[in-house]
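Here is a short note for a colleague who is meeting this structure for the first time. Please keep the 3D view open while reading the points.

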Amino acid sequence: MQVAEMGSFIKAAHALDLPRATVSAAVQQLEEQVGARLLHRTTRQVSLTADGAQLLERVRPLLSEAEDVEQMFQARTRQATGRLHVDVPSRIARRLLAPALPGLLRRHPGLQLVLGSSDRAIDLVQEGVDCAVRVGTLHDSSLVVRPLGCIALINCASPAYLREHGLPEQPQDLLHGHWSVGYASPRTGRELPWEWSGASDVDGVDGEDGPQTLAVPSRVVTNNAESYIACCRAGLGLIQIPRYDVQHLLDTGELVEVLPAHRAAPMPVALLYPHRRQRSRRLAVFIDWFEALMRPNLEP
């Protein structure tokens, strides 16, 4: 099933932590047992034959039931074992997840976490990822989505920037002598506008209550959160960032929150994983742990 879903013997072997030859031999043995060719093999990809698709449709529920039985007995020990592949935005991985991992692994010493840290969209099945954490609006409805809540965004600048350009008190002040650090969407590559919630009387901007946008000029545009924050610290402009991401810099005075009454709308955060019925014990443990980890950083 892993080979069929990932379209590759190499990827399936990596996900299963087995040699490629072992996976290939297992598939060949299965084909001999059922007396039918189950996979089309080319140098570039592997795909199901009609017989293979029919077999997969029949056995998938059986495998799910078998895993449910296994989980029933594992739950008695409350221990999670095996390898779990997760993909988490880089800053969440660095600021929140990695510092808390020792506690999780002490409770589950048989668990191995393969941690990918990216902000790009990935195909969980094709890349062998068991679970992904995503922030913002989701565009893939084929996955199981578990919403966790919303992350608060704040506006920040460095003290040096504020000494040079002054402290903005209203969004319209940003049109007069201020700069933002531009951020390009990882999905579209387009620079995102400055956002805030609430009424405004800025010329050319909708004055009604609700989400507002403004084209604040930028001299630097980044597509990476590390660079985005670094440019702000260097005094190159204002940024909009999750509070957890810069709380340590606010505490030391390296960054200052500005326009606290005119923040951008909070960003939704969710866990994504394929096939609800195939949620393993280790995945269930990770989801519960991560949800508790994120709770203090979400909007009440």
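1. Start with a term. Two strands pair if DSSP finds at least two bridges between them. Strand 6 (residues 144–151) meets that rule with strand 14: seven bridges link them, in the antiparallel sense. One bridge to look up is G149, whose partner in strand 14 is V269. Please bear in mind that this is a predicted model.

2. Strand 14 has another partner. Strand 5 (residues 131–135) also pairs with strand 14, antiparallel, over four bridges. Here R134 stands opposite A270 of strand 14.

3. Is strand 14 enclosed or open? Strand 14 covers residues 267–273, and five of its seven residues are buried, so the rest of the structure largely encloses it. As background, side chains in a regular strand alternate between the two faces of the sheet.

4. Next, the cysteines. How many disulfides are there? The count is zero, since a disulfide needs two cysteine sulfur atoms within 2.5 Å. C156 is in no disulfide: its nearest cysteine sulfur belongs to C232 and lies 6.1 Å away. C156 has a relative accessible area of 0%, so this residue counts as buried. C150 has 30% relative accessibility and therefore counts as partly exposed.

5. V258 deserves a look. It sits in strand 13 (residues 256–258). Its relative accessibility is 1%, so V258 is classed as buried. Leaving aside residues up to four places away in sequence, V258 touches N155, C156, A157, L162, L167, P168 and L238. The cysteine C156 of point 4 is thus among the contacts of V258. L162 is another of these contacts. V258 and L162 are 96 residues apart along the chain, yet their C-alpha atoms are separated by 9.6 Å.

6. Last, H178. Where does this residue sit? H178 lies in the loop between helix 6 (159–165) and strand 8 (180–183). Is H178 buried or exposed? Its relative accessible area is 5%, under the 20% cut-off, so H178 is buried. The side chains of H178 and Y161 are joined by a polar contact of 2.8 Å. Again leaving out residues up to four places away in sequence, H178 touches Y161, H165, G166, P168, D173, V216, P217 and L238. P168 and L238 appear in the contact lists of both V258 and H178.

Notes: Residues are numbered from 1 along each chain as its sequence is written. This is a predicted model: local features need pLDDT of at least 70, side-chain atom pairs count only at pLDDT 80 or more; totals for chains, interfaces and linings use all residues. Side-chain values use heavy atoms; hydrogens and water are left out. Buried means under 20% relative accessible area, exposed over 50%, partly exposed in between (1.4 Å probe, protein chains only). Helices (H or I, at least four residues) and strands (E, at least two) are DSSP runs, numbered from the N terminus. Contact means heavy atoms within 4.5 Å. A polar contact is a pair of N or O atoms within 3.5 Å; within protein, one must be able to donate a hydrogen and the other to accept it, and residues adjacent in sequence count only if both atoms are side-chain atoms.
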